[in-house]
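Welcome, and take a moment to look over the model below. This short briefing walks through it topic by topic, starting from a single residue and its surroundings.

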Amino acid sequence: MANTETHNEEEEVVTREYECGYLLLPTIAAEKVSEYEAQLAKVIQDHGGEIANQQSPHRIPLAYTMQVAREGKKDIYTEGYFGWITFEASTDAVNEIKEAFRYDESLIRYMIVRASKDQEPEAAE
């Protein structure tokens with residue numbers, strides 16, 4: 001996917017490719033993980049993003065302990081479900097997606113970066 005320009009009578013919207021890596025809580029039941037994956041993809045689509053590729057989350061040990069403060073207490077995690085999504089969206093849409101993810105309590109961490117033009121991650125088999 002290259003940068004795409006969508007022309008509108010009022011304004012020109014430029015979309016770019018982004019990659020989102022995320023860690024879901026390890027306390028989510030294994031059979032429910034796909035529901036949370038779909039929920040994250042829906043947030044992206046609801047804000048005008050177009051999903052290009054994704055890898056279903058799988059449980060991994062974390063390289064270091066992560067703390068998440070919620071409701072006045074700190075939860076400590078040593079593992080989580082890691083997944084990623086590549087998508088195309090406008091800068092404004094990405095800012096809205098980040099804001100929505102910020103308040104998603106199923107996420108330990110997430111990171112959205114602009115994708116390299118030359119590389120796209122391959123889906124794991």
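Leaving aside residues up to four places away in sequence, Ile51 touches Ala41, Ile44, Gln45, Ile85, Thr86 and Phe87. Ile51 itself sits in strand E3. Please keep in mind that this is a predicted model.

**Around Ile51**

- Ile51 counts as partly exposed, because its relative accessibility is 23% and the partly exposed class lies between 20% and 50%.
- Ile51 and Glu19 are 32 residues apart along the chain, and their C-alpha atoms are separated by 10.0 Å.
- Among the residues that Ile51 touches, Ile44 also takes part in the contact between helices H1 and H2.
- Phe87 is another residue touched by Ile51, and Phe87 returns below as one half of an aromatic pair with Tyr18.

**The chain as a whole**

- The protein chain holds 2 helices and 5 strands.
- In sequence order, these elements follow the pattern β-β-α-β-β-α-β.
- Of the 125 residues in the protein chain, 37% are buried.
- Counting contacts with a separation of 6 or more, 71% are between residues 24 or more positions apart.

**Where the two helices meet**

- Helix H1 covers residues 33-46 and helix H2 covers residues 91-102; their axes come within 9 Å and cross at roughly 145°.
- The crossing of H1 past H2 is right-handed.
- On the H1 side, the contact is made by Leu40, Val43 and Ile44, while H2 brings Ile97, Ala100 and Phe101.
- What kinds of residues make up the contact of H1 with H2? The residues there are 6 nonpolar, with no polar and no charged ones.

**Aromatic pairs**

- A pair of aromatic rings can be described by how far apart the centres are and by the angle of the planes.
- How many aromatic pairs does the count come to? The count comes to 2 aromatic pairs.
- One of them joins Tyr18 and Phe87, with 5.8 Å from centre to centre and 25° between the planes. This pair is stacked, because its planes are 25° apart and the class takes planes under 30 degrees apart.
- The Tyr18 and Phe87 pair links distant parts of the chain: Tyr18 is in strand E2 (residues 12-24), Phe87 is in strand E4 (residues 73-90), and the two are 69 residues apart.
- Both Tyr18 and Phe87 are buried.
- Phe101 and Tyr110 form an edge-to-face aromatic pair, with centres 5.5 Å apart and 85° between the planes.
- Are the members of this pair buried or exposed? Phe101 is buried, with a relative accessible area of 3%, whereas Tyr110 is partly exposed, with a relative accessible area of 28%.
- Phe101 therefore has two roles to look for in the model: it is buried at 3% relative accessible area, and Phe101 is also one of the H2 residues in the contact with H1.

**Two buried strand residues**

- Gln55 is found in strand E3, which spans residues 50-70.
- Gln55 is buried, because its relative accessible area is 14% and the cut-off for buried is under 20%.
- Which residue does the side chain of Gln55 join through a polar contact? The partner is the side chain of Trp84, and the polar contact is 2.5 Å.
- Glu17 lies in strand E2, and Glu17 is buried too, with a relative accessible area of 8%.
- Glu17 and Arg114 are 97 residues apart along the chain, and their C-alpha atoms are separated by 6.0 Å.

**Glu71 and Lys74**

- Where is Glu71 placed? Glu71 lies in the loop between E3 and E4.
- The phi angle of Glu71 is near 50°, a positive value in a residue other than glycine.
- Glu71 counts as exposed, because its relative accessibility is 76% and exposed means over 50%.
- Lys74 lies in strand E4, and Lys74 counts as exposed at 60% relative accessibility.
- Lys74 touches Gln67, Val68 and Ala69, when residues up to four places away in sequence are not counted.

How values were computed: Residues numbered from 1 in each chain as written. Predicted model: local features only at pLDDT ≥ 70, side-chain atom pairs only at ≥ 80, totals over all residues. Heavy atoms only, no water. Phe/Tyr/Trp six-rings, centres within 6.5 Å; stacked < 30°, edge-to-face > 60°. Helix = DSSP H or I, 4+ residues; strand = E, 2+ residues; numbered from the N terminus. Buried < 20%, exposed > 50% of the residue type's maximum accessible area, 1.4 Å probe, protein only. Axes fitted to C-alpha atoms, helices over the stretch in contact; angles between N-to-C directions. Left-handed = near helix turned anticlockwise from the far one by under 90°. Contact = heavy atoms within 4.5 Å. Nonpolar A, V, L, I, M, F, W, Y, C, P; charged D, E, K, R; others polar. Polar contact = N/O pair within 3.5 Å; in protein donor to acceptor, adjacent residues only side chain to side chain.
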